[in-house]
Amino acid sequence: MGDESGVLDEVLWSQVVNGDGDAFGVLFDRHHDRVWRHALKVLSLPHLAEEVTAVVFYEAWRRRANVRMVNDSILPWLLVTTNNILRNHVRQQRRYRYFLSRLPPPTDAADIADDIAEADEFTFKTSALRKAFTQLKPQERDVLTLCIIEGLSSKEAGAALGIADGTVKSRLHRAKSRLGTLYGQVVHEQEPAAQAILGRRTS
């Protein structure tokens, strides 16, 4: 296969739809890092982010006939699919935690308050923000991902999500507001640990 570095995603994808694995490989190399970084922002664990990235590209290949391009790029579709897969991952983690909660605690379990007390302010805020983000509605996460994290215009995000430009703007406004509210709730729920950590800078 020749040099495909300058070929548009849309052109390569037309080859992928016809079963061209080499063209798919070019697109994988082109967008892998962006998808992985987005997954890492939510999961914070590189190996989990890599697993999610693999599933995203598997879905892209499996559903290649139905992938939607935005301004000749497949990236918006990949990022929205990443959010969908992350939602499934969060649900699985909740079921796993519920299962663990049904088990008797180990006799030598460390006091979790000690771990929280050792966390710095940045780690605490990042964790709270990540938790608040996962509590948003799917459409709110999608619009924040595309417009805020990935920097797409409202027109580009609208094309990726199949909604009007004005709808993107209003949805983005509500998503920001809800994220702020949820963040405050998460911090409040974790008091007094939050006061102990966030109060260090003012004490």
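Salt bridges in the predicted model

Arg62 and Glu59 form a salt bridge in which the closest N and O atoms are 2.6 Å apart. This is a predicted model. Both Arg62 and Glu59 belong to helix H3, which covers residues 46-62. The two are three residues apart there, about one turn of the helix. Glu59 has a relative accessibility of 15%, and because buried means under 20% relative accessible area, Glu59 counts as buried.

The pair is also part of a network of salt bridges, which links Glu59, Arg62 and Arg63. Across the whole structure, a search finds five salt bridges.

One of the five joins Asp9 and Arg30, whose side chains meet at 2.6 Å, N to O. This pair links distant parts of the chain: Asp9 lies in helix H1 (residues 9-17) and Arg30 in helix H2 (residues 21-43), 21 residues apart. How accessible are the two partners, Asp9 and Arg30? Asp9 has 5% relative accessibility and counts as buried. Arg30, with a relative accessible area of 28%, is partly exposed.

Another salt bridge is found in helix H9, which spans residues 165-189 and holds both Lys169 and Asp165. Here the closest N and O atoms of Lys169 and Asp165 are 4.0 Å apart. The two residues are four residues apart, about one turn of the helix. Asp165 has a relative accessible area of 33%, so Asp165 is partly exposed.

Definitions and conventions. Residues numbered from 1 in each chain as written. Predicted model: local features only at pLDDT ≥ 70, side-chain atom pairs only at ≥ 80, totals over all residues. Heavy atoms only, no water. Buried < 20%, exposed > 50% of the residue type's maximum accessible area, 1.4 Å probe, protein only.
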